[in-house]
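Open the model in your viewer and keep the sequence panel beside it. This tour goes stop by stop: select, look, move on.

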Amino acid sequence: MTKSKIYKIVLVALSIGVVFFVGKLFIGVSAPSDFQNLDDLATLYPDYVGVVFPPNIAPANFRIEEEGDAFCARVTGDNGASLFVSGQNVEFPEKKWKRLLEGNRGGSLRYEIFIRRQGEWFHFKEFQNQVSEDPVDPYVAYRLVEPGFDYSYRMALAQRCLENFNERLFVDNRSATTSACVNCHSFQNYHTDRFAFHFRRPDAPDKGGTILVDGDKIVKATGYVDDLKNTCSYPAWRPTGDFIAFSSNVTRQSFHSLSTQKIEVYDGTSDLVLLDPRKNEVRVVEKTETKMETFPFWSPDGLFLYYSCADYLPKASSSDVEALIKEASNRTAEIRYNICRRSFDEKTCSFGAQETVVDAASQGRSALFPRISPDGRFLVYTLAESGTFPIWRPEADLCLLDLTTGESRVMSEVNSSDTDSYHSWSSTGRWLIFSSRRDDGFFTRFYLTHIDAQGRGSKPFVLPQRDPTFNRQRHKSYNIPEFTVEPVKLRTETIMKATKRDAEKTRAVSM
């Protein structure tokens, strides 16, 4: 075959590829003109019907879950601009999608779905989505984990850009020398210059610790408190200053074979501690044998430390940790948490008396994961029937407390019939991200909802993916979402090297 013939074949192949690519995205400039109207909405996956989008969100691609031999969709904004895409997977070009959102900020988008069956086109009932004036923080950090938490060597901390589909693993335990659990990350005031996470080594507990990042400086602290002998977990950076609140926990899991709730995660013991990372000094906020405190979170002004607290009257000796753990496993259904808080004086580094903010235990419920909106007005928490970790409980719902009026309510507008749990506010207080099992009851995935000035949420939508079927293919759960306004700057290799160092011993200081 001569070079000229080869050249012509290559040109023809390229031309066919270009035609196929262009034809997949844009079939001409208009929808079918001859069609039959249907009264029903098309079934879409994910369900992006009647939601509110941030003006800077990545393309909300979806799949048309209907039978047909041809598919197309048209989205038209209030300003008259439109996008027309063909194919059962409706994947919008990023630049055109961004222009459409920006051009209709504060307005709406009208969706038309067409399918062809046996040569005839059908037009489904139209629907609208809103485009908010409020942008969402451009990044969210989270943990990727197996749904059963039984393979610690497959854990990672990732960060996703919400304005596109870029995801980066900034902590990946597969690069560690051995299996390790990475968890409990926290950033100071939505920035990434200061953050912390815990690194646990099941094979060598003394090799684990808490990684503290302060600019270019990385410290590996022991993560243990001398008189507690428990690891420090669930960090919460104070919005200003140098303090991090932790809970010191002994955490275990139970696996059920007959119950629909396959896993129960619980604490055998837990107390609150305060760490000054600059001095590597830790103070025990309170250590009691009759209460368990966990999941600390600061108010935006740093004047109060919120947390979950449960009355616990163990029969076992407090020095017999394994007996306490076994007892906690048997009494999980009896353990119920309230949301409490303590005032904090930065000058004296001291806490005030405990105040109950949400009394859930008296109502036979358990309130966990307190998170305060950046303006200090709303507190969102997870409510379950009992226990420490509601992430596997189908009855778990998000609730909102108005701290100015004292009124508390279940957020029925955002909850589902399955687990709705871990949640985080955006830096503006206009967006809430949370994990939910509503998709399939097994994997947790992230949903976003717009929160208005009265604390009402919009219909939640799942975090967009380039391939709309991606979540069905990725057998991972997402948890502990934390918004940030910037990406993590340190290289993954630099962070992981710090996990292999010898830990610096934390100094215990009296309160």
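Two strands count as paired if DSSP finds at least two bridges between them. With that in hand, select strand S27, residues 366–372, and strand S28, residues 378–384. Five bridges join S27 to S28, and the two run antiparallel. Show Ser-366 and look across to S28: Ala-384 stands opposite.

Now follow the chain from one strand to the other. Five residues lie between the strands of this hairpin. Label Gly-376 there, which takes a positive phi near 80°.

Before leaving, ask how many of the seven residues of S27 are buried. The count is seven of seven, so S27 is mostly covered, where buried means under 20% relative accessible area.

**The whole chain**

Zoom out. This is a predicted model. The protein chain averages a pLDDT of 85, and 80% of the residues score at least 70. Colour by pLDDT and select residues 6–29, where the score is below 50. Beyond near neighbours in sequence, that stretch has 18 contacts in the model. Where pLDDT is low, the predicted coordinates should not be read in detail.

Switch to cartoon. The protein chain has five helices and 36 strands. Of its 511 residues, 56% count as buried. Turn on the surface: the chain exposes about 22,100 Å², and carbon and sulfur atoms supply 50% of that. Take the contacts between residues at least 6 apart in sequence: 59% of them join residues at least 24 apart.

**Helix H2**

Select residues 94–103, helix H2. Which residues of H2 are buried? They are Trp-97, Leu-100 and Leu-101. These three sit on the same side of H2, because they cover an arc of only 95° around the axis. An α-helix has 3.6 residues a turn, so residues three or four places apart point the same way. Rotate to the other side of H2, where Lys-95 and Arg-99 are exposed.

Add the packing partners next. The buried residues of H2 pack against five strands, listed here with their ranges:

- strand S3, 52–53
- strand S5, 70–77
- strand S6, 82–86
- strand S8, 108–117
- strand S10, 127–131

**A first four-stranded sheet**

Now show strands S13, S12, S11 and S35. They form an open sheet in the order S13-S12-S11-S35, with antiparallel pairing. The edge strands are S13 (167–172) and S35 (477–484), and each pairs on one side only. Neighbouring strands here are turned by 25° against each other on average, direction ignored.

Go to the middle of the sheet. Strand S11 covers residues 139–145 and strand S12 covers residues 156–161; six bridges join this antiparallel pair. Pick Tyr-142: its bridge partner in S12 is Ala-158.

**Helix H5**

Keep S13 on screen and add helix H5, residues 492–499. The buried residues of H5 pack against S13, and also against strand S15 (194–200), strand S16 (209–214) and strand S17 (217–221). Those buried residues are Thr-492, Ile-495, Met-496, Ala-498 and Thr-499. Look down the axis of H5: its buried residues fall within an arc of 150°, so they line one face of the helix.

Stop at Thr-499. Is it buried or exposed? Thr-499 counts as buried because its relative accessibility is 1%. Set aside neighbours within four places in sequence, and Thr-499 is in contact with Phe-197, Phe-199, Lys-207, Ile-211 and Lys-220.

**A second four-stranded sheet**

Select strands S31 to S34. These four form an open sheet in the order S31-S32-S33-S34, with antiparallel pairing. S31 (420–425) and S34 (461–462) stand at the edges with a single partner strand each, so one side of each is left without a neighbour in the sheet. Inside, S32 (residues 431–436) and S33 (residues 445–450) pair in the antiparallel sense over six bridges. Label Trp-431 and find His-450 opposite, in S33.

**Last stop: Asn-338**

Select strand S24, residues 337–345, and pick Asn-338 within it. At 13% relative accessibility, Asn-338 counts as buried. Draw a C-alpha to C-alpha distance to Val-357: 7.5 Å in space, across 19 residues of sequence.

Finally, show what touches Asn-338 beyond four places in sequence. Its contacts include Tyr-307, Ser-308 and Cys-309, along with Thr-356, Val-358 and Asp-359. Ala-367 is also among them, and it takes you back to S27, residues 366–372.

Methods. Residues numbered from 1 in each chain as written. Predicted model: local features only at pLDDT ≥ 70, side-chain atom pairs only at ≥ 80, totals over all residues. Heavy atoms only, no water. pLDDT = per-residue confidence, 0-100. Contact = heavy atoms within 4.5 Å. Axes fitted to C-alpha atoms, helices over the stretch in contact; angles between N-to-C directions. Buried < 20%, exposed > 50% of the residue type's maximum accessible area, 1.4 Å probe, protein only. Areas by Shrake-Rupley, 256 points an atom, 1.4 Å probe, with all protein chains shown as cover. Arc of directions from axis to C-beta.
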